[in-house]
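Subject: Structure handover

Hello,

Here is the structure you asked about. My notes follow below it.

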Amino acid sequence: MSEKNTQLKVSAIKDGTVLDHIPAQNIFQVIDILDLSHAKNPVTIGVNLESKSLGRKGIIKIADRFFADEELSRIALAAPEATVNIIRNYEVVSKKRIDLPAEVVGIAKCSNPMCVTNRQAVTTRFKTIKEGKKVKLLCHYCEKTTEEFIPLRH
Ligand code: CTP
Ligand code: ZN
């Protein structure tokens with residue numbers, strides 16, 4: 001072969017879930033939230049791919065795995081614009097946006113250092129507020145608003 005293929009793309013999957021339109025800088029948060037570093041299925045990840053709407057996007061393809069809506073809603077904080085594509089026999093059989101849950105429990109950290117959740121073993125709890133493409137979190141305990149999603153380490 002004399003010609004080099006200059007385009008390297010994340011290849012298609014036969015069956016599984018494709019999470020598309022993830023902000024490039026948040027892709028590792030999504031991997032974390034879905035605990036994909038412990039996945040047994042093949043997972044392919046693309047970061048900094050071109051996107052018309054996001055500038056640069058990330059994509060995660062999980063073969064042979066289908067998530068419950070509740071699991072998917074957890075990634076809304078890191079990727080509120082993400083699309084969930086269900087693939088069966090190479091075809092996109094379903095495409096939907098992620099629903100932002102009204103409440104978020106035990107995923108995000110409160111940005112207020114004085115908050116009880118940062119001082120004692122109290123599970124965090126927030127109401128979500130969507131402002132344009134951003135999601136803000138209103139703490140159930142200290143009533144402060146957290147502007148940036150900070151994942152809780154597990
Ligand atoms: N995809 C895949 N394997 C398949 C079919 C699709 O990995 N067998 C991926 C595509 O690479 C794409 C996503 O699933 O990232 C959605 O596919 P498709 O709807 O065909 O792409 P677009 O039209 O670009 O999607 P959108 O309009 O949501 O941007
Ligand atoms: Zn708080």
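Which residue in strand 3 does Ile22 stand opposite? The partner is Gly58. Please keep in mind that this is a predicted model.

Strands 1 to 3

Strand 1 (residues 16-23) runs antiparallel to strand 3, and six bridges join the two. Strand 3 also pairs with strand 2 (residues 43-51), again in the antiparallel sense, here over seven bridges. Within that second pairing, Glu50 has Arg56 of strand 3 as its bridge partner. The connection from strand 2 to strand 3 is a hairpin of three residues. Strand 3 itself spans residues 55-63 and is mostly covered, with seven of its nine residues buried.

Helix 2 and Ser73

Ser73 belongs to helix 2, which covers residues 69-73. Its relative accessibility is 16%, so Ser73 counts as buried; the cut-off for buried is under 20%. A polar atom of the Ser73 side chain lies 2.8 Å from the backbone oxygen of Glu70. Leaving aside residues up to four places away in sequence, Ser73 touches Ile98, Asp99 and Pro101.

Zinc site

The zinc ion (ligand 2) has four protein donors, the SG atoms of Cys110, Cys115, Cys139 and Cys142, at 2.3 to 2.4 Å. Along the chain these donors follow the spacing C-x4-C-x23-C-x2-C. Cys110 sits in the loop between strand 6 (103-105) and strand 7 (125-131), and Cys142 in the loop between strand 8 (134-139) and strand 9 (145-146), so this pair ties together parts 32 residues apart in sequence.

Why is the arrangement around the zinc ion (ligand 2) called tetrahedral? The four donor atoms subtend angles of 100 to 117°, and the class requires all angles to lie between 85 and 135 degrees. For reference, the ideal angle for four tetrahedral donors is 109.5 degrees. Of the donor residues, Cys110 has a relative accessibility of 3% and therefore counts as buried.

Strands 6 to 9

These four strands form an open sheet in the order 6-7-8-9, with antiparallel pairing. Strand 6 and strand 9 are at the edges and have a single partner strand each, so one side of each is left without a neighbour in the sheet. Strand 9 pairs with strand 8 over two bridges, in the antiparallel sense. In strand 9, Thr145 is the residue opposite Leu138.

Regards

Notes:
Residues numbered from 1 in each chain as written. Chains lettered and ligands numbered in written order. Predicted model: local features only at pLDDT ≥ 70, side-chain atom pairs only at ≥ 80, totals over all residues. Heavy atoms only, no water. Buried < 20%, exposed > 50% of the residue type's maximum accessible area, 1.4 Å probe, protein only. Polar contact = N/O pair within 3.5 Å; in protein donor to acceptor, adjacent residues only side chain to side chain. Contact = heavy atoms within 4.5 Å. Donors = N, O, S within 2.8 Å, 3.2 Å for Na, K, Ca; no water. Tetrahedral: all angles 85-135°; square planar, octahedral: opposite > 155°, others 65-115°. Pairing = 2+ DSSP bridges.
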